[in-house]
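Biologist: I am new to this structure and would like a close look at a single part. Please take the strand pairing, and then set it in its surroundings.

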Amino acid sequence: MNDLGDISDPDKLSTISPKKKNPKGKYIYSRQKIMVINLYKDILMKSPDIKYEDLVTDLSKALGLGRETISKTIAEYRRTNTVSSPNKKRVKQSLFDKIDDLDRNGLRQKIHSFWLRRELPTIDKILIAVNEDPSLPNFKRSTLYSTIKKLDFVFEKRKRCSVLTEREDLIVWRRNYLYNIRKYRQEGRQIYYLDETWLNAGDCVDRVWKDNTVLSKHDAFNKGLTTGSTNPTGKGKRLIILHIGSDKGFLPGGLLCFESKKK
């Protein structure tokens, strides 16, 4: 017995459910496109004089597909003599594309807060500060690095304006030194060298993050940001280091290291 019943009965035709339409925006695959082309050829064979618009309308009603989908499928077949499935590959979004402008601005403010505290922001410091803030998304170190670069921060060498000068008395001292050192070497003396240096508490690295979107002090003020890190002032505690040695190494017991008490 036919499960569909006697479809020749006009009374039973009214109980048949309407045709299913393809959901709007849903891809159709090559098998569906082949059905479109087969039916398209069949209609043309039976009615070669049919208008193209009427043909598309009939196919749309028969298959439950949109007129635009039918037209594109026929056009693809006429152009390539074949049909293809849709490209289902999606471009994977980065975390930078997923976060909104509020999160991006919060991340920018977090970096500038280091400069406001006169601290140098490093990736590790920024990562800890951002991940501890519940209002910002959590980052991995590599993801944070790429996100900061997309926010137009750059990692560059610190700028210093230095001028090399030499006094005449220093030139005379150097000449006397070279004369004496040559004499002592000829006499076979053991020559010791004495030098002094210091270490500031404010010493820092020479490469820092810079925000290229901040164009000037006025621009930074309007945006509520900063112009970046400032050069160390030299204030604070200082260690004085003094040592003596020769070509045989440092002299045992010759190290003098103490904290400076004067400004």
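What follows starts with the strands and then moves out to the helices, loops and surface.

Modeller: A word on the source comes before the detail. This is a predicted model. The protein has ten helices and six strands.

Take strand S4 as the part to look at. S4 covers residues 238-246. Which strands does S4 pair with? Strand S2, residues 193-200, is one partner, joined to S4 by eight bridges. The two strands run antiparallel. For a single pair within this ladder, look at Asp195: its bridge partner in S4 is His243.

Strand S6 is another partner. S6 spans residues 256-259, and four bridges link it to S4. Here too the sense is antiparallel. Find Ile240 and look across to S6, where Phe258 stands opposite.

Then comes strand S5, made of residues 249-250. Two bridges connect S5 with S4, and the pair is antiparallel. Gly245 faces Phe250 of S5 across this pairing. How many residues does the hairpin between S4 and S5 pass through? Two residues make the link from S4 to S5. To trace S4 on screen, use three residues as markers. Ile240 marks the pairing with S6, His243 marks the partner of Asp195, and Gly245 marks the pairing with S5.

Now the surroundings, beginning with a helix that packs against a strand. Helix H7 runs over residues 123-132. Its buried residues are Ile123, Ile126, Leu127, Ala129 and Val130. What do they pack against? They meet helix H6, helix H8 (141-150) and strand S3 (207-211). So the buried side of the story in H7 involves both helices and a strand.

The loop before H7 gives a contrast. Arg118 sits in the loop between H6 (101-116) and H7. Its phi is positive, about 60°, although Arg118 is not a glycine. Is Arg118 buried or exposed? Its relative accessible area is 64%, and exposed means over 50%, so Arg118 is exposed.

Asn81 tells a similar tale in another loop. Asn81 lies between helix H4 (67-80) and helix H5 (95-98). Its phi is near 65°, again a positive value in a residue other than glycine. Asn81 has 57% relative accessibility, so it counts as exposed.

Ser60 sits differently. It belongs to helix H3, residues 52-63. With a relative accessible area of 16%, against a limit of under 20%, Ser60 is therefore buried. What touches Ser60, beyond its neighbours within four places in sequence? Leu65, Gly66, Arg67 and Ile70 are in contact with it.

On the surface, turn to helix H9, residues 168-186, where Leu170 is found. Leu170 has 30% relative accessibility and so counts as partly exposed. Together with Val172 and Trp173, Leu170 forms a nonpolar surface patch. The three share about 300 Å² of accessible area.

Last, step back to the protein. It has 263 residues, and buried residues make up 23% of them. Its accessible surface comes to about 21100 Å². Carbon and sulfur atoms account for 54% of that surface. Consider also the contacts between residues at least 6 apart in sequence. Of these, 61% join residues at least 24 apart.

Notes
Residues numbered from 1 in each chain as written. Predicted model: local features only at pLDDT ≥ 70, side-chain atom pairs only at ≥ 80, totals over all residues. Heavy atoms only, no water. Patch = residues over 30% accessible without salt bridge, like charges linked within 9 Å, V, L, I, M, F, W, Y side chains within 5 Å. Areas by Shrake-Rupley, 256 points an atom, 1.4 Å probe, with all protein chains shown as cover. Salt bridge = Lys/Arg side-chain N within 4 Å of Asp/Glu carboxyl O. Buried < 20%, exposed > 50% of the residue type's maximum accessible area, 1.4 Å probe, protein only. Contact = heavy atoms within 4.5 Å. Pairing = 2+ DSSP bridges.
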